[in-house]
Amino acid sequence: LHGLSPDRPLAGRSALVTAGPTHEPIDPVRYIANRSSGTQGYAIAEALAAAGADVTLVSGPTTLPDPAGVHTVRVETAREMLDACRHALPCDIAVCTAAVADWHVAPAAQKIKKTADAAPPALQLAPNPDILAMLSQPGPTRPELVIGFAAETEHVLAHATAKRERKGCDWIVANDVSPGTGVMGGTENEVILITAAGREHWPRLDKAQVAHRLVARIVTFLQTPHP
Ligand code: CTP
Ligand code: CA
């Protein structure tokens with residue numbers, strides 16, 4: 001039975017959170033990555049654990065310490081992140097905050113040398129697996145609630161709404177990360193929660209407050225009958 005304890009409403013529930021960037025090696029000393037501190041994802045993992053959930057945090061490289069009370073799995077590449085997420089299934093709730101690199105290259109075994117008279121090396125990019133889309137696929141291990149994030153620099157609502165449809169997740173937390181908002185790498189976030197029922201603009205909040213508000217919404221969702 002779930003949700004009987006008001007201070008630990010997610011006791012008996014399991015959650016998977018992805019966070020941070022992924023690093024895709026080019027050679028032993030270089031990599032491709034997205035910008036991501038991991039702060040928002042770590043805050044969500046902590047808030048879920050504080051609500052009583054059994055939390056696995058699959059994290060790309062960050063400078064943050066492992067959150068207390070959370071099972072943290074450190075990975076480097078998108079393909080490693082996918083494997084770690086598969087291992088964390090089944091779970092009730094999945095929250096994908098990671099800034100996963102969209103492509104990888106076949107890394108060179110040795111450091112690529114710059115040769116003055118040769119043209120710069122061309123990177124042959126191959127697509128990475130989409131972890132959120134994988135988790136959203138219907139099937140016996142699909143979490144009851146799958147939440148994605150959409151960091152956009154323009155047309156935030158249109159892009160995030162389309163992303164929700166394309167990935168098949170239940171909710172998208174959208175935010176504007178264009179330069180000037182100061183959100184990227186900062187301690188605050190200003191998000192729009194997009195669900196099947198519509199969208200909610202949340203005020204600019206500390207990332208820990210965004211996490212607590214999201215977890216409160218998750219608790220309400222899981223306690224309400226849904227098809
Ligand atoms: N995501 C993922 N695996 C990927 C790419 C994205 O799990 N390979 C997840 C992110 O964690 C996030 C959501 O999908 O929750 C949206 O990521 P985003 O990069 O905005 O979406 P993309 O489909 O890659 O679109 P874009 O072209 O805007 O990068
Ligand atoms: Ca992407």
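# A guided tour of the predicted model

Valine 73 counts as partly exposed, because its relative accessibility is 24%, a value between the 20% limit for buried residues and the 50% limit for exposed ones. This residue is the first stop of a tour through a predicted model. Select valine 73 and display the strand that holds it, S5. With neighbours up to four places away in sequence left out, valine 73 touches Thr56, Leu57, Val58, Ser59 and Ala84. For one of these, the separation may be traced between C-alpha atoms: valine 73 and serine 59 lie 6.1 Å apart in space, with their positions 14 residues apart in sequence.

**The neighbouring position in S5**

Next, select threonine 72, which also has its place in strand S5, residues 71-74. Is threonine 72 buried or exposed? Threonine 72 is buried, since its relative accessible area is 16% and the cut-off for burial is under 20%. Show the residues that threonine 72 touches beyond four places in sequence: Leu57, Asp66 and Pro67. Leu57 is on this list, and Leu57 is also among the residues touched by valine 73.

**The whole chain**

Now zoom out to the full protein chain, which contains 5 helices and 14 strands. Along the principal axes, the C-alpha trace spans about 70 × 35 × 35 Å. The radius of gyration is 18 Å, which agrees with the value near 17 Å for a compact globule, because that is what 227 residues would give. Of the 227 residues, 46% are buried. Colour the accessible surface by element: the total comes to about 11900 Å², and carbon and sulfur atoms account for 55% of that area. If the charged side chains are displayed, 20 positive and 23 negative charges appear, and the mean positions of the two sets are 3 Å apart. Contacts may be considered in terms of sequence separation as well: among those between residues at least 6 apart, 61% join residues at least 24 apart.

**The calcium ion**

Select ligand 2, the calcium ion. Which protein residue supplies its donors? Both listed protein donors are OD atoms of Asp102, lying 2.4 to 2.5 Å from the calcium ion. Aspartate 102 itself is found in the loop between strand S6 (93-96) and strand S7 (103-104).

**A cis peptide bond**

Move to the loop between helix H2 (78-87) and S6, where proline 90 lies. The bond to inspect is the one joining leucine 89 and proline 90: this peptide bond is cis, with omega of about 0°.

**Helix H1**

Select alanine 43, in helix H1, residues 39-50. Alanine 43 counts as buried because its relative accessibility is 14%. Beyond its neighbours within four places in sequence, alanine 43 is in contact with Lys207, Ala208 and Ala211. A C-alpha distance may also be drawn from alanine 43 to alanine 19; the two are 9.8 Å apart in space and 24 residues apart in sequence.

**Strand S14**

Then select aspartate 206, in strand S14, which comprises residues 205-206. With 33% relative accessibility, aspartate 206 counts as partly exposed. Outside four places in sequence, aspartate 206 is in contact with Thr187 and Glu188. To relate this stop to strand S5, draw a line between the C-alpha atoms of aspartate 206 and arginine 74: the separation is 25 Å, across 132 residues along the chain.

**Helix H4 and the loop before it**

Select histidine 155, in the loop between strand S9 (145-152) and helix H4 (156-167). What is notable about phi of histidine 155? The angle is near 45°, a positive value in a residue other than glycine. Histidine 155 is exposed, because its relative accessible area is 55% and the exposed class begins over 50%.

Finally, follow helix H4 to arginine 164. In contrast to histidine 155, which is exposed, arginine 164 is buried, with a relative accessible area of 16%. Which residues does arginine 164 touch, not counting those up to four places away in sequence? The contacts of arginine 164 are Cys169, Asp170, Trp171, Ile172, Ile194, Thr195 and Ala196. Displaying these side chains around arginine 164 completes the tour.

How values were computed. Residues are numbered from 1 along each chain as its sequence is written. Chains are lettered from A and ligands numbered from 1 in the order in which they are written. This is a predicted model: local features need pLDDT of at least 70, side-chain atom pairs count only at pLDDT 80 or more; totals for chains, interfaces and linings use all residues. Side-chain values use heavy atoms; hydrogens and water are left out. Helices (H or I, at least four residues) and strands (E, at least two) are DSSP runs, numbered from the N terminus. The radius of gyration is taken over C-alpha atoms; the globule rule is 2.2 Å times the number of residues to the power 0.38. Buried means under 20% relative accessible area, exposed over 50%, partly exposed in between (1.4 Å probe, protein chains only). Contact means heavy atoms within 4.5 Å. Accessible areas come from the Shrake-Rupley method with a 1.4 Å probe; for residues, only the protein chains shown count as cover. Lys and Arg count as positive and Asp and Glu as negative; His and the chain ends are not counted. The place of a charge is taken as NZ of Lys, CZ of Arg, CG of Asp or CD of Glu. Donors are N, O and S atoms within 2.8 Å of the metal (3.2 Å for Na, K and Ca); water is not among the atoms, so sites may look incomplete.
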